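Here is a quick tour for anyone meeting this protein model for the first time. Take a look at the picture, then read on.

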Amino acid sequence: MKENHSRGEILVIEDEDVMRYVLSNILRKNGFPVIEAADGKSGVESFRTGNPKVVLLDLKLPDIGGLEVLREIKKLDGDVPVIIVTGIADIETAVDATKLGAYDYVVKSPKYDRLLLSLERAIEKYEMGKSLNRLSDAITTQLESSVGSSPAIVEVLEQTKRVALSDFSVI
């Protein structure tokens with residue numbers, strides 16, 4: 001039975017028609033709604049207008065490079081997971097992509113189990129981050145209503161949030 005992924009669409013940015021079809025088909029068969037883009041510019045525009053939860057991005061695109069598309073997407077939403085799906089098994093490029101914020105780097109192959117696993121984990125991480133942000137906002141609102149919202153209190157709450165997100169011990 002297919003799992004229903006009501007978490008949002010997956011944006012596939014791939015210039016090769018056959019590969020885009022294969023990736024999209026695999027995703028749809030696994031219950032994912034898909035948005036397709038054949039080049040970098042239309043991919044960035046599809047990201048702007050849609051609400052994808054994950055982006056699958058090829059590095060070799062006809063108009064702008066995949067790393068530039070990655071930069072643009074991360075400017076629009078730094079939290080969205082971008083999985084590089086490429087035929088290039090190059091360590092230096094993988095490191096560059098990771099430094100720019102790529103969630104994962106998957107080399108194209110006939111076996112897509114690793115890609116699907118990475119996709120599931122990326123969605124979970126993205127949703128967990130959004131939930132934590134909502135929870136943090138709710139806690140801040142609750143605290144402000146309890147202790148006030150003067151500039152001094154707001155500063156204390158901000159400091160508390162920063163410390164809470166770190167591994168520091170507080171005495």
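A residue counts as exposed when its relative accessible area is over 50%, and as buried when that area is under 20%. Keep in mind, too, that this is a predicted model.

## Helix H4 and its two sides

Let's put those words to use on H4. Out in the open are Ile91, Glu92 and Lys99. Tucked away instead are Thr93, Ala94 and Ala97, the buried residues of this helix. Why do they end up on the same side of H4? Because they cover an arc of only 100° around the axis. The exposed trio sits on the other side of H4.

So what covers the buried residues of H4? The cover includes H3, E4 and strand E5, which spans 104-107. Just past the end of H4 comes Gly101, with a positive phi of about 110°.

## Strand E1 and its partners

Now for E1, made of residues 10-13, which runs parallel to E2, residues 34-37, with four bridges joining the two. Within that pairing, Ile10 stands opposite Val34, and Leu11 has Ile35 as its bridge partner. Add helix H1, residues 17-29, and you get a right-handed β-α-β unit built from E1, H1 and E2.

E1 has another neighbor as well: it pairs with E3, again in the parallel sense and over four bridges. Here the bridge partner of Ile10 is Val54.

What about the faces of E1, covered or open? Both are covered: Ile10 and Val12 are buried on one side, and Leu11 and Ile13 are buried on the other. In general, side chains in a regular strand alternate between the two faces of the sheet.

## Two nonpolar cores

The largest nonpolar core holds 21 residues, and the ones that touch the most other members are Ile13, Val55, Leu57, Ile73, Val82 and Ile84. Plenty of elements chip in two or more residues, namely E1, E2, helix H2 (40-49), strand E3 (54-57), helix H3 (66-76), strand E4 (82-86) and helix H4 (91-99). The top contributor is H3, which gives three.

For a closer look, pick Val55. Leaving aside residues up to four places away in sequence, Val55 touches Leu11, Ile13, Phe47, Ile73, Pro81, Val82 and Ile83. There is also a second, separate core, with 19 residues, including Leu56, Tyr112, Leu116 and Ile123.

## Helix H5

Finally, there's H5, a helix of 35 residues running from 113 to 147. How far does it reach from its first C-alpha to its last? The span is 50 Å, close to the 51 Å expected at 1.5 Å a residue. Right after H5, Gly148 takes a positive phi of about 110°.

The buried residues of H5 are Leu115, Leu116, Ser118, Leu119, Glu120, Ala122, Ile123, Tyr126 and Thr140. One of them, Ser118, is worth a stop: its relative accessible area is 5%, so it counts as buried. Which residues does Ser118 touch, not counting those up to four places away in sequence? They are Ile83, Tyr103 and Asp104.

Key:
Residues are numbered from 1 along each chain as its sequence is written. This is a predicted model: local features need pLDDT of at least 70, side-chain atom pairs count only at pLDDT 80 or more; totals for chains, interfaces and linings use all residues. Side-chain values use heavy atoms; hydrogens and water are left out. Two strands pair if DSSP finds at least two bridges between them. A crossover is right-handed if, with the strands pointing away from the viewer, the path from the first strand over the helix to the second runs clockwise. A nonpolar core is a set of buried Ala, Val, Leu, Ile, Met, Phe, Trp, Tyr and Cys residues joined through side-chain atoms within 4.5 Å. Buried means under 20% relative accessible area, exposed over 50%, partly exposed in between (1.4 Å probe, protein chains only). Contact means heavy atoms within 4.5 Å. The arc is that of the directions from the helix axis to the C-beta atoms. The expected span of a helix is 1.5 Å times one less than its number of residues.
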